[in-house]
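Thanks, everyone. I have one model to go through today, and I will keep to the charged pairs and the helix they touch.

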Amino acid sequence: MEDGGGALVTRRALLGVAAAAGLAAAGGCSSGPGKPAAPPPPDPQTVLIGELIADKERLVSLYGRAVAALPGRAAALEPFRQRHAAHARALRALLPAGNAPTTPAPSSSGSPVSAPSGSPSESPEVSVEALRDAERTAAAARPAQTTTASPALAQLLASIGACEAVHVVALGRLRG
């Protein structure tokens, strides 16, 4: 394009300048250092599994204390402790690779498995009735947990809940 004695500007040069200006504008939108993106929220299934593992570890610990406190019932109580340890292993197998469970404070999963009052370091005396109450509380929480769980986790939770419910009955027979 020639303009009566002016400079020659080609269409190609004009398009090149426009494209370069567009790239500069797109790449230079931020005036300062970029803020790091907020980490994504934790996966709800992973959080639930972590809480369930922590609950199972508390039950295993409670049974361990009961075995020590009730030597006459140790042989009868040990299989219950072993089943809870197996539940924890099965739950760990569902964790995505690289996700180690952290022990949450109180469980928000609806399954707070509480030991009798006192701190763990005091090693309070544990009764069969306390074990039964802990099993009842855990089993009662499972149906609500299955509503938000993946199909595989819901199946495992149903099985664990059934086992805990049977423990309630079996522990009732140990009392007498």
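Start with two charged residues: Lys56 is buried, and Glu164 is buried as well. Bear in mind that this is a predicted model. Those two side chains form a salt bridge, with 2.7 Å between the closest N and O atoms. The pair links distant parts of the chain, since Lys56 sits in helix 2 and Glu164 in helix 5, 108 residues apart.

Which other side chain does Glu164 meet in a salt bridge? It is Arg142, at 2.8 Å, N to O. Glu164 is in helix 5 and Arg142 in helix 4, so this pair ties together parts 22 residues apart in sequence. Both of these residues are buried. Taken together, Lys56, Arg142 and Glu164 are linked in a network of salt bridges.

Now helix 4 itself, residues 128–146. It has 19 residues and reaches 28 Å from first C-alpha to last, close to the 27 Å expected at 1.5 Å a residue. Its buried residues include Arg142, along with Arg132, Glu135 and several alanines, among them Ala134, Ala138 and Ala141. What covers the buried residues of helix 4 includes helix 2 (44–69), helix 3 (74–93) and helix 5 (151–175).

One more pair. Glu57 forms a salt bridge with Arg92, the closest N and O atoms being 2.3 Å apart. This one links helix 2, which holds Glu57, to helix 3, which holds Arg92, across 35 residues. Buried or exposed? Glu57 is partly exposed, at a relative accessible area of 35%, and Arg92 also counts as partly exposed, at 35%.

For the tally, the structure holds 6 salt bridges.

How values were computed:
Residues numbered from 1 in each chain as written. Predicted model: local features only at pLDDT ≥ 70, side-chain atom pairs only at ≥ 80, totals over all residues. Heavy atoms only, no water. Helix = DSSP H or I, 4+ residues; strand = E, 2+ residues; numbered from the N terminus. Expected span 1.5 Å × (residues − 1). Buried < 20%, exposed > 50% of the residue type's maximum accessible area, 1.4 Å probe, protein only. Contact = heavy atoms within 4.5 Å. Salt bridge = Lys/Arg side-chain N within 4 Å of Asp/Glu carboxyl O.
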